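Visitor: I am new to this structure. Please show it to me and explain the words used for it.

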Amino acid sequence: MALTHNFLLFCSLFSFFIIPSLSKTSFRPKALVLPVSKDASSLQYVTLMNQRTPSVPVKLTLDLGGQFQWVDCEEGYVSSSYKPVRCRSAQCALARSKSCVTECYSSPRPGCNNNTCAVLPDNTVTSTATSGEVGQDVVSIQSTDGSNPGRVVSVNKLIFACSGTRFLEGLASGVKGMAGFGRTKISLPSQFSAAFSFDRKFSICLTSSASNAKGVVFFGDGPYVLLPGIDASKFLIDTPLILNPVSTASGYFEGEPSSDYFIGVKSIMINGKAVPLNTSLLSIDRIQGTGGTKISTVNPYTVMETTIFKAVIATFVKELALVPRVASVAPFGACFNSTNIGSTRVGPPVPQIDLVLQSSKVFWRIFGANSMVQVKSDVMCLGFVDGGLNPRTSIVIGGYQLENNLLQFDLATSRLGFSSSLLFRQTTCANFNFTSNNV
């Protein structure tokens, strides 16, 4: 037992000496780039990554807090470079696997091999988990100088998990799995930064489905240049990322920390007026792992605990008293006649919502473009959803509120940089120039 413990400790301590050797090329990019788009039907944010041998584009739903990448290995997974991760290997320890598949009851294939370690892939859309084999395969991705895509680079043994085809239920059409960006050693940002020895940072910049354009994900540090030549990294405001010591997701073993990204919201202001809240809900319970505020790309809209939701609605409605309310449209709780609301550079001119962070001078401002949802030609609704009385997390900042905001996650220093709306800066997340400068 002591030998096993020492082995796992050794693997954990030296994990970042394992992954960098996986790069197939001597070229060391300073950053990598992926396109990301919004699926209009599911409201999920999806990306394409080239994987396997021969290389094929694989469509994945972006899961900001996901532990790792997982894909359907049951149907259509053909690759000569796939390798199962063996039990008690260093890669198995890196994946925090706590189980070993000693016998798979079918002929060997990706996702079904003997003596392989297993993890629990988590479908965060349906809040379900399953057991899946840990494997490795080739992944190719474009490098970037921050202004354009550059040459394609590869990691030849990226660690991921397999699932069955039925586990894809709830995901966008054509999606084959989820791309996990969470706080683990085998999330995509962690593996890419280790493989190419660049800064342990990544940034997301999401677009709306209405724009029918591609947003962008950067792995590595800035610049993050958006047309017309604007380095959006210069607009970032800094706040700590908070570690939730107890995971409440379905795909975790007991006692593991959460891979989600939490921030320390202290209060909410609307038009400069404080929303009356039970502020204890804004703190994380260090024993239960409940409460607090996290950021999600899986939830389409911000979800709030019932009392917070009702207080926000009441204050917002009071501040927008001159605009007639109309019948609510699910899933929203406050809707308005938008005929005479008008528009500005940052969306409808409605009360600004501030998520106040570590001090009264540090806040994430939500303008009309990120707070109001056009549900009918003459109806707009406040884009927040009631999450019930006892949710695991008190506030989940959803994808709609992230659109056209640049978010940089610094894993080394546990800090978040956020820009608030880039519309205020006369650019958008659709303005990265995906024309390659690779000759």
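Guide: What follows is a short round of questions on disulfides, exposure and a cavity.

Guide: This is a predicted model, where local features need pLDDT of at least 70 and side-chain atom pairs count only at pLDDT 80 or more, while totals for chains, interfaces and linings use all residues. Residues are numbered from 1 along each chain as its sequence is written, and side-chain values use heavy atoms, with hydrogens and water left out.

Visitor: What makes Cys73 and Cys162 a disulfide?

Guide: A disulfide is a pair of cysteine sulfur atoms within 2.5 Å. The sulfur atoms of Cys73 and Cys162 are 2.1 Å apart, so the pair counts as a disulfide. Cys73 lies in the loop between strand 4 (70-72) and strand 5 (83-84), and Cys162 lies in strand 11 (residues 149-163), 89 residues apart. Strands are DSSP runs of E with at least two residues, numbered from the N terminus.

Visitor: Why is the disulfide of Cys73 and Cys162 called left-handed?

Guide: The torsion about its S-S bond is about -70 degrees, so the disulfide is left-handed.

Visitor: How many disulfides does a search of the whole structure find?

Guide: The search finds five. One of them joins Cys205 and Cys429, with sulfur atoms 2.0 Å apart. Cys205 is in strand 13 (residues 201-205) and Cys429 is in the segment after strand 32 (415-421), 224 residues apart.

Visitor: Why is Cys112 called buried, and what is Cys104 called?

Guide: Buried means under 20% relative accessible area, exposed means over 50%, and partly exposed is in between (1.4 Å probe, protein chains only). Cys112 has 4% relative accessibility, so Cys112 is buried. Cys104 has 21%, so Cys104 counts as partly exposed. These two cysteines also form a disulfide, their sulfur atoms 1.4 Å apart.

Visitor: Is Pro228 buried or exposed?

Guide: Pro228 has 66% relative accessibility, so Pro228 counts as exposed. Pro228 is found in the loop between strand 15 (225-226) and strand 16 (230-231).

Visitor: Which residues line the largest cavity?

Guide: The lining consists of Thr302, Met304, Leu355, Ile366, Phe384, Ile395 and Ile397. A cavity is a set of points on a 1 Å grid over the protein atoms alone where a 1.4 Å probe fits but cannot get out, and lining residues have an atom within 4 Å of a point. The volume, the space filled by probe spheres set on the points, is about 30 Å³.

Key:
Helix = DSSP H or I, 4+ residues; strand = E, 2+ residues; numbered from the N terminus. 1 Å grid on protein atoms, 1.4 Å probe; cavity = no way out; pocket = protein on both sides within 12 Å on 5 of 7 lines; lining within 4 Å.
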